[in-house]
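Reader: I would like to learn how to read a structural model feature by feature, with the general idea stated before each case. Could we go through it in that way?

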Amino acid sequence: MSVRTIKVDSLARVEGEGALAVTIKDGAVTDVTLDIFEPPRFFEALLRGRRFDEAPDITSRICGICPVAYQMSAAHAMEDACGVTVDGQLRALRRLIYCGEWIESHTLHVYMLHAPDFLGYASGIEMAKDHPAIVERGLQLKKVGNDIIALLGGRSVHPINARLGGFFKAPTKAALAPLAERLRWARDAALETVHWAATLPIPDFERDYEFVALSHPDEYPFNEGRLMSNRGLDIAPREYDDHFVETQVPHSNALHSTIRGRGAYLVGPLARYSLNFDRLSPVAQDAARRAGLGLVCRNPFQSIVVRSVEILHACDEALRIIERYEPPELPAVDVSPRAGVGYAITEAPRGILYHRYRIDEQGTILDAKIVPPTSQNQKIIEEDLRGVVEANLRMSKERLTWRCEQAVRNYDPCISCATHFLTLRINET
Amino acid sequence: MAAPKPKLAVWKFASCDGCQLTLLNCEDELLDVAARLVIADFREASRAVVKGPYDLSLVEGSITTAKDAERIREIRTASKLLVTIGACATAGGIQALRNVKDVNEFISLVYASPAYIDTLATSTAIADHVRVDFELRGCPIDRAQLIEVIGAVLQGRRPRTPSHSVCVECKRAGTVCVMVAHGTPCLGPVTHAGCGALCPTYSRGCYGCFGPMETPNTKSLSRGWSRLGASEADLARVFRTFNADAEAFRREADAHER
């Protein structure tokens, strides 16, 4: 029996703490585990007994990289429980702040966390020594995303202006004008990002995934839509629990999620893109075609190109919203509590984020369920790793280890979210 | 020969990553700062690791496992200066809400097989475990304050971060008092400055995410809230959020629990 052990103790350039182990016996992968040792923080439990209008601020603290996603899913779920719909300019402003988060989160990942893998650098900061203009473009693009969040939300991490029913204060038309100017630069920078990402050496690797994403008849999905898949899933957010199961595994502090009767599924940019290509803005569709992406993308290493296309779409959409903006009469619609259960799914940068709350007639939270995108992708990541290792058994230990890390980073995993993750350990015998 | 560059490490405990992200969010300053330091260990940003000791360790997150209680002692030993960044590291964070509940009930509510989960009954601040040289407040920390702390360390001086209340920030900015003018309950009078009085600027009452200021008069503020209609349960709740385990807020919350 051949014995080789490849071991890395802490996977970097991911959000949170985890490890990964691959066991290879006589040239065959026998076991892959993604260990999530990020300590649990018990959000679902500590929400019990809190007031319904506290959910957006409390749950935003699950993740410093995608706090807007938590605020949006929480607000929509509570509004669902209370029978309130937020539309018009308030709905548009919610899409605008979500555009900011996609731009900020995706650009951080594309330039600072993922691209260094393709070009052989330990970090974006190291990459900047040889490619200063590229990294500088990335940082300035990321900044535009953060500035959208900061203008609408007060600050980019854990913004303070979003609430049930809308916002505490709506911006004036004049306040948004300078942002439009910056977004026109950002749209060009995003287009250059798509072209640059397409030139990166992308490993050949494809799998036949079940893609799960929101789908809306007229828009690329942010806050609303039906939950769809390429294998026939077509449900309302409130039917989520009938179709998805969360199970606990010994090696992880994050629950694993599967589709009943079918197993692992993929959420995030690849799924959104492959299910909603025709609802991307024309400039984003055109850039995707020119970057060599098909209408469906099954290579997870190409996620860096798909994320870049989504950055471009978000810049374009943000501009469109600002151009059509008229301040709403009131910054929020009234949301009065009533006993019931509320459900919402929104598209966080890493994929669908499900919230469900049961509240009483005073608005006290009786129970809460939160399913973040990274916990839904855990099983797919493990399957990808198996595939990547099997396809590259002759690669040197050092290169294979790095390739495995890169395969995990394809998902921009947010371990802080998933535990409510990463060290790499490959054991070869 | 030039003096060797100081070595920076960024460490994570139980947290949301938002405070370390604040360093990556210094888009205009990041490459300059990186050029003046050796980034020795910053897992969120780099797979390269340089061994200690470290001149400056930034610590995010709270202590919630026995293993982490051990890890922070090792980090302290390896660090010349240790600065906590954010409410989790400084006051236990939102996860410190478990400190007033039964943690086993918490585990069983979230996980089907609680036996797999390794956790302590409490979430505690870094200073409860090791000596801390400086605490940077906020949930999240403020970007400008982080740059000030790193700059001060590079220059060998004490960071200049005001310890007065959010009220002073409102007065300086000329923001109308939301509590006096609109009857909106606000924690600004007892909350540590640093955010630039964001919430009142957005017509919202401060919710205390920077934790207590020095010597806050929480009792007097609670009376003000009561006059605006806050119940005892409301008062216990509002002091128990992101800095629930900071002493002044913990005492005030306990005083209003039935």
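Reader: Let me begin with a strand: which residues of strand β10 (residues 256-259) of chain A point one way, and which the other way?

Author: Please keep in mind from the start that this is a predicted model. In β10 of chain A, A:His256 and A:Thr258 point one way, while A:Ser257 and A:Ile259 point the other way, and all of them are buried.

Reader: Which strand is joined to β10(A), and by how many bridges?

Author: Strand β9 (residues 244-247) of chain A is joined to β10(A) by four bridges, and the two strands run antiparallel. One of the residue pairings can be named: A:Phe244 has A:Ile259 in β10(A) as its bridge partner.

Reader: How should I read the confidence scores before I go into side chains, and what are they for chain B?

Author: The general caution is that predicted coordinates should not be read in detail where pLDDT is low. For chain B the average pLDDT is 92, and 92% of the residues score at least 70. For the model, the scores are ipTM 0.94 and pTM 0.94.

Reader: What describes a pair of aromatic rings, and how many aromatic pairs are there over all chains?

Author: Such a pair is described by the distance of the ring centres and the angle of the planes. Over all chains the count comes to 13 aromatic pairs. In the pair of A:Trp102 and A:Tyr220, the ring centres are 6.1 Å apart and the planes stand at 85 degrees, so this pair is edge-to-face; the cut-off behind that reasoning is an angle over 60 degrees. Because A:Trp102 lies in helix α4 (residues 88-119) of chain A and A:Tyr220 in the loop between β6 (212-215) and β7 (226-229), the pair ties together parts that are 118 residues apart in sequence. Both A:Trp102 and A:Tyr220 are buried.

In chain B, B:Phe239 and B:Phe249 also form an edge-to-face pair, at 5.3 Å centre to centre with 70 degrees between the planes. B:Phe239 is in the loop between α11 (232-238) and α12 (247-255) of chain B, whereas B:Phe249 is in helix α12 of that chain, ten residues apart. Both B:Phe239 and B:Phe249 are buried.

Reader: Which residues do ring pairs link into a cluster with A:Trp102?

Author: The cluster consists of A:Tyr98, A:Trp102, A:Tyr220 and A:Phe222, linked by ring pairs.

Reader: Where does the charged end of B:Arg47 sit?

Author: The charged end of B:Arg47 sits over the ring of A:Trp402, 3.7 Å from the ring centre. Within chain B, B:Arg71 lies over the face of B:Phe13, at 4.0 Å from the centre of that ring.

Reader: Turning to salt bridges, how many are there over all chains, and are A:Glu79 and A:Arg94 buried or exposed?

Author: The count comes to 52 salt bridges over all chains. In the one between A:Glu79 and A:Arg94, the closest N and O atoms are 2.6 Å apart. This pair links distant parts of the chain, with A:Glu79 in helix α3 (residues 67-82) and A:Arg94 in helix α4 of chain A, 15 residues apart. Both A:Glu79 and A:Arg94 are buried.

For A:Glu326 and A:Lys173, the closest N and O atoms of the salt bridge are 3.7 Å apart. A:Glu326 is in the loop between α11 (303-323) and β11 (340-348) of chain A, and A:Lys173 is in helix α7 (residues 173-198), 153 residues apart. With a relative accessibility of 45%, A:Glu326 counts as partly exposed, and A:Lys173, at 39%, is partly exposed.

Reader: What is the N to O distance in the salt bridge of A:Arg231 and A:Asp208?

Author: The side chains of A:Arg231 and A:Asp208 meet at 3.7 Å, N to O. A:Arg231 is partly exposed, with a relative accessible area of 39%, whereas A:Asp208 is exposed, with 59%. Elsewhere, salt bridges that share partners join A:Arg91, A:Arg95, A:Glu219, A:Glu224, A:Glu317 and A:Arg320 into one network.

Reader: How many residues of α11(A) are buried?

Author: Of the 21 residues of α11(A), 19 are buried, and the helix is mostly covered. From its first C-alpha to its last, α11(A) reaches 30 Å, close to the 30 Å expected at 1.5 Å a residue.

Notes. Residues numbered from 1 in each chain as written. Chains lettered and ligands numbered in written order. Predicted model: local features only at pLDDT ≥ 70, side-chain atom pairs only at ≥ 80, totals over all residues. Heavy atoms only, no water. Phe/Tyr/Trp six-rings, centres within 6.5 Å; stacked < 30°, edge-to-face > 60°. Buried < 20%, exposed > 50% of the residue type's maximum accessible area, 1.4 Å probe, protein only. Lys NZ or Arg CZ within 6 Å of the ring centre and 35° of its normal. Pairing = 2+ DSSP bridges. Salt bridge = Lys/Arg side-chain N within 4 Å of Asp/Glu carboxyl O. Expected span 1.5 Å × (residues − 1). pLDDT = per-residue confidence, 0-100.
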